[in-house]
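Subject: Structure handover

Hi,

Here is the structure I promised to pass on. Please have it open while you read my notes below.

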Amino acid sequence: MTESQRFDAIIIGSGQAGNPLAYALADAGRRVALIESRHLGGSCINYGCSPTKALLAAAHRAHAIRTAGALGLRVAAPEVDMPAVIGRKNRLVELHREGIRKNLTLEHPGIKVLHGHAAFVGPRTLMLTPNREIEAQKLTAPLIFINTGTVAAWPDIEGIREVGALTNETLLDLAELPEHLIILGGSYIGVEFGQMYRRFGARVTIVDTETRIMSREDEDVQLELQQLLEAEGIEFVLGARARRVSRGADGTLTLTADTRQGERRLRGSHLLVAAGRQPNTASLGLDLAGIDTDEHGYIRADDELRTGVPGVYALGDVKGGPQFTHISYDDYRIVRDRLLHGRRRRTAARPVPYVVFTEPQLGRVGLSEKDAAAQGVAYRVGKLPVYHIGRARETEAPAGFLKVLVGADDRLLGAAVLSEQGGEIMSMLQIAMAGRLKYQQLQNMVLAHPTWAEALNNVFAKLRAPQ
């Protein structure tokens, strides 16, 4: 083993918190080691935000061509060339990876990028096992940041690891179109991939133990989105517990599940496991550093992202809580401001906006009705079906609704926007919430016509107490 190397800071994981933190620390004169066991860029660049949205763009475009007749256009049905679709996605991913590599290695000389697996051997000491055939080395630093993210969780189902089941990561590299894609999990990943592959032309069945999809959402959101997806031909098998998966000699995959109607056997060509996430912590040697985890393996960290070991922080998905790229990036800003600028901010006070990139999109921020009821918060709700919006009828996008919750002080508590441009409309409402505007200030605002956002005037006009 070579002599140990000392740095001012070590970051494990090149994700959406790790990379910008490396830049900031290096720019402040710190000597930084950034360790990555696989590809630079973390989940967002490699198998999350960027590649999935590239594939979604192709699926949405194919759907737009198929449904162009409603606008009076006569076009031939699209032919989906999956190798070309995957190839375009791969080029975009490589472009992002190369940009990150240049930023880390050429534009920030204070950063040393190390490829390999890191594990703790002491409170602030790591052993790096390189990917290449060179000796392991010991690394030490007074500051260590764990940004190792999560991977797909595999449910305890007989045969599931032997049948060639796919995860959200491996499905992105499948250059063939599944004839029948069975998806285990009806939450955000499941519905996005389900609609995507249905629009590519696959038959899709979504199986979930819950009786409704996306169990964290309000009932009206769950039912509306399920009906929209069913109208596109997606089958749902809900309240079902999968027991066994097998693959026959002809390649057909069979999933056996217990349902409320009895045993059911679903046959398909491919199986996607989208039944949750688990943290990348099992091989980090956290016990040797004295770093605590919860019962699921997530690192315990306080609302300033500090673990129980001084100088060691947990950033992004690996600490549990909301698992979104923008939350990981904000973790970086919290740590940066504390260490470099003497400003303290806590995770507990920040909003958690998110978008489910189905079509229509679901933009969510703040409290849902379910949240408000659980917390005993008084609210009024304003809700407008999208088909009442002129722009929706003109563009043949009449599905969904806009819903806003308002508190006793007339300020916004939260919103669910299931519509075309749902994420963008939600972001407008988030800005209003940050500015603590009263709903009357938005209701009386002059907005451009015809836009989706101007429909908010009508949403606020419908405010009422919950039934």
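My notes cover a helix pair, a pocket and a small set of strands. Keep in mind that this is a predicted model.

**Helix pair**

Start with α3, residues 49–66, and α4, residues 82–105. The two helices pack at an angle of about 145°. Their axes lie 9 Å apart. The crossing of α3 and α4 is right-handed.

Which residues meet between the two? From α3 come S50, P51, A54, L55 and A58. On the α4 side they meet V85, I86, R88, K89, L92, V93 and H96. By class, this contact between α3 and α4 holds 8 nonpolar, 2 polar and 2 charged residues.

**Pocket**

Next, the second largest pocket. Its volume is about 600 Å³. The lining is made up of 19 residues. Closest to the centre of the pocket are H63, T67, E359, E396 and A397.

Which elements give two or more residues to this lining? They are α3 and α6, the latter spanning 219–231. Helix α3 gives the most, with 3 residues. So α3 turns up twice in these notes: it packs with α4, and it also contributes to the lining of the second largest pocket.

The lining of this pocket divides by class into 10 nonpolar, 4 polar and 5 charged residues.

**Strands**

Last, the sheet. It is open, has 3 strands and runs in the order β12-β13-β14. The pairing is antiparallel.

Why do β12 and β14 each have one side without a neighbour in the sheet? Both stand at the edges, and each has a single partner strand, so one side of each is left free of a neighbour there. For reference, β14 covers 262–268. On average, neighbouring strands of this sheet are turned by 20° against each other, with direction ignored.

Look at the β12 and β13 pair in detail. Strand β12 covers residues 241–247, and β13 covers residues 253–259. They pair in the antiparallel sense over 6 bridges. One position to find is S246, which stands opposite T254 in β13.

β12 and β13 form a hairpin with 5 residues between the strands. In this hairpin, G251 takes a positive phi near 90°.

Over to you.

Best wishes

Conventions:
Residues numbered from 1 in each chain as written. Predicted model: local features only at pLDDT ≥ 70, side-chain atom pairs only at ≥ 80, totals over all residues. Heavy atoms only, no water. Axes fitted to C-alpha atoms, helices over the stretch in contact; angles between N-to-C directions. Helix = DSSP H or I, 4+ residues; strand = E, 2+ residues; numbered from the N terminus. Left-handed = near helix turned anticlockwise from the far one by under 90°. Contact = heavy atoms within 4.5 Å. Nonpolar A, V, L, I, M, F, W, Y, C, P; charged D, E, K, R; others polar. 1 Å grid on protein atoms, 1.4 Å probe; cavity = no way out; pocket = protein on both sides within 12 Å on 5 of 7 lines; lining within 4 Å. Points joined across faces, edges and corners; volume = space filled by probe spheres on them. Pairing = 2+ DSSP bridges.
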